[in-house]
Amino acid sequence: INTIFIYDAYFIYIHGAVFYILLHTVTAGHNGGGPTNAYPKHFMDWVNEHYPCKLPNGTGGRHEYTKTHAGESRSNFLFWSGVTSVEKFDLAVLEFNVGDAFQDVLPQALEDKGEAGKTKEYIGSWYFEAVVRRLLLMRKPDPIAIVTFNADYMGLIWSQLQAANARKVLFRSDVEPQNLFVSSMYGIPVFSAVIWMLPLASKRGTEMQNNRTTYTYSTPNWHSDSCCHPRRQGGHHILSLVLAYCMLEEEKTMLSHNEFDTLEAERDFTLDEPPLLRDPLYLSPEEDEMYIRNSNTFSGVDFADPNGEAKWKDAIVINEGWRWYADNKDNDKFGFIANGTEGGQHIAISLNGEHYGKVEVVFVVSYENFGIALAWFGDGNVDEETNCNEEAKKHQTHRLVARWEFQASLPKNEILKESLPKDQKKMLHICLTPPDKHHKGPDNKFKLLGVKVF
C-alpha cells in the first residue's frame, strides 16, 4: 500500500507504503511530550511490527515519517502545494476535528452564503469539503483512498460542570458531527477516538466527567490541558490504538470482500476516468469549478514561470528595489523578490478585473528572513521620493505576512479584501515593511510568485 495521512506536522514515508497524515496540534504531541511521544510515533512502531517492509535491495527497511506543515482544512487549502508536491501516495487520513472549529472567514466565497455562511461551522465544513474533493480527483499516480480520523474533542466543551451549560454548547465549535456528515456523503470511512472516549467520559454525568480524582475515564484524565490535547501517557496510546484497530477492521473487510455482494452504488465513481463526483454540499458550482477543477478563466501575472517574463513585463508599472530571479541552488524557483531591512521596496502591477472580482496574491511563506508587505489598489501617480509605507497610509491595505513558525518554505495563496470587478483596471501596489519585533533572521525578504484575478 502507498498511503498518505494528512496533518499539521508530519509526512510519513514508507517503502512500499507512503503515509501522509494531515492533522492538528494533537499530532505534534502538543502538551503531550512532543512528536516522539505522540500517536504517529506509536502508530508507526505498530506498523513496522505488523507490516514489516524491505528496501529495494532486499534488505530490511523501516517505515519512517518526516514533518510537513498545515494545521486544519483552511491552511491545507491555502498551502495545497504541500500535498501536490508529494510524488506518490495512496491513502489520505484527514484529522481536522479541532482546528476547523476556529475558521471565521471565507474570502474564497463566490456567492452570498447568507447568515449560515458566516458561522464557523459552515466555514470549517467548506474548507474540509474542498480538501476532500481535491483529494478525490487527485492521482498519485493512482486514485487516492481517504479516511477521516477524529482524534479528539474539545475539553472545555465537554467538561461543563452544569448540565444546562453543557446542553447549550453541545457540538458547538466542535466539528466531529460535521466531518461525520461530509465524510458519509462522500462514502469516506471515519476512524474516531471521540466515539470511543466521549461516551466513557460522560456516561456518569457531567460532574463525574470532570472528576479526575475518582473517575478513570474523565475528560481531565484524557486531556493534558483545557482544550483538546491528549496526555503523553494513555491519551496518545489510545489514538494509535484507534488507528491500528480500525485499519485491521478495514483490512478484514477488504480481504473477505465478495464482489457479487457489492451494489453498483457502492462503487467508488471517482475511480472512473473522468471521475464522477457528487454535487458539492457547501461549495457552489462556480467555486467547485474555480478551486477544485481549476477550469475557470482568470488573468494576472505569473512570476514563477522561468520563461514567462515576456508575458508580464509590460504589466509592471513601478519597480523600486524588486528583482526577478531564482533564489535557490538549482536556479529554477523564480519570483519577484524584495530584500531590505529598511523596507520601502515598492512594486506596482497593472491588473484587469474579471467576473468575480477576486484578486489572489501568491507568495512564499518561510520561518526566517521573510517579512511583511502591504498591498493596496491605487493609480500610478506616486511620488517616487515618498516611501511607499507612507503612501500606504492613505489607502485600505492588506497585510501579506510571509513568515510562520514552521521550518519550511511553501507558497501561500491569499485573497485580498478589496475586489476588482470586470471591466475595471487598477494598479496593485505592494510595499515591503521594515522588520518588526517578531522578525527572525538578518534578511527581510518578500518573494512574490504571482497575482491571479478571477
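Colleague: Why is Glu273 called exposed?

Modeller: Happy to explain, and please keep in mind that this is a predicted model. Glu273 has a relative accessible area of 61%. Exposed means over 50%, so Glu273 earns the word with its 61%.

Colleague: And what makes Arg139 partly exposed?

Modeller: The computed relative accessible area of Arg139 is 23%. Buried would need a value under 20%, and exposed one over 50%. Arg139, at 23%, lies in between, so the label is partly exposed.

Colleague: How do you know that Glu273 and Arg139 meet in a salt bridge?

Modeller: The distance from N to O is 2.9 Å. The cut-off is within 4 Å, between a side-chain nitrogen of Lys or Arg and a carboxyl oxygen of Asp or Glu. The pair fits, so it counts as a salt bridge. Glu273 sits in the loop between helix H11 (235–255) and H12, while Arg139 sits in the loop between H4 and strand S5 (145–150), so the contact ties together parts 134 residues apart in sequence.

Colleague: Which side chain meets Lys447 in a salt bridge?

Modeller: That is Asp327, at 2.6 Å from N to O. This pair also links distant parts of the chain: Lys447 belongs to strand S17 (residues 445–453), and Asp327 to the loop between strand S9 (322–326) and strand S10 (334–339), 120 residues apart.

Colleague: Why is Lys447 called buried?

Modeller: Its relative accessible area is 5%. Buried means under 20%, so Lys447 qualifies. Asp327 has 31% relative accessibility, which lies between the two cut-offs and therefore counts as partly exposed.

Colleague: What makes Glu287 and Lys113 a salt bridge?

Modeller: Their side chains meet at 2.8 Å, N to O, and the limit is within 4 Å, so the pair passes. Glu287 lies in helix H12 (residues 285–292) and Lys113 in the loop between strand S4 (91–94) and helix H4 (120–137), so parts 174 residues apart in sequence are tied together. Both Glu287 and Lys113 are buried. They also belong to a network of salt bridges that links them with Glu111. A search of the whole structure finds 16 salt bridges.

Colleague: Let's turn to the strands. Why is strand S11 described as largely enclosed by the rest of the structure?

Modeller: S11 covers residues 346–352, and six of its seven residues are buried, so the description follows.

Colleague: How do you know that S11 pairs with strand S8 and with strand S16?

Modeller: Two strands pair if at least two bridges are found between them. S8 (residues 316–320) and S11 have four bridges, so they pair, in the antiparallel sense. S11 and S16 (residues 425–432) have seven, again antiparallel, so they pair as well. You can look for Asn319 opposite Ile347 in S11, and for Ile349 opposite Leu428 in S16.

Colleague: What makes S8 and strand S14 edge strands?

Modeller: The open sheet has five strands in the order S8-S11-S16-S13-S14, with antiparallel pairing. S8 and S14 (398–401) each pair on one side only, and that makes them the edges. From one strand to the next, the twist averages 20°.

Colleague: How many cavities of 30 Å³ or more does a search of the whole structure find?

Modeller: One. The largest cavity holds about 60 Å³ of space, and strand S13 (residues 372–378) gives the most to its lining, with three residues. By class, that lining has four nonpolar, three polar and two charged residues; among them are Trp376, His398 and Glu418.

Technical notes
Residues are numbered from 1 along each chain as its sequence is written. This is a predicted model: local features need pLDDT of at least 70, side-chain atom pairs count only at pLDDT 80 or more; totals for chains, interfaces and linings use all residues. Side-chain values use heavy atoms; hydrogens and water are left out. Buried means under 20% relative accessible area, exposed over 50%, partly exposed in between (1.4 Å probe, protein chains only). Helices (H or I, at least four residues) and strands (E, at least two) are DSSP runs, numbered from the N terminus. Axes are lines fitted to C-alpha atoms, for helices over the stretch in contact, and angles run from 0 to 180 degrees between N-to-C directions. On a 1 Å grid over the protein atoms alone, a cavity is a set of points where a 1.4 Å probe fits but cannot get out, and a pocket is an open set with protein on both sides within 12 Å along at least five of seven lines; lining residues have an atom within 4 Å of a point. Grid points are joined across faces, edges and corners, and a volume is the space filled by probe spheres set on the points. Ala, Val, Leu, Ile, Met, Phe, Trp, Tyr, Cys and Pro count as nonpolar, Asp, Glu, Lys and Arg as charged, and the others, Gly among them, as polar.
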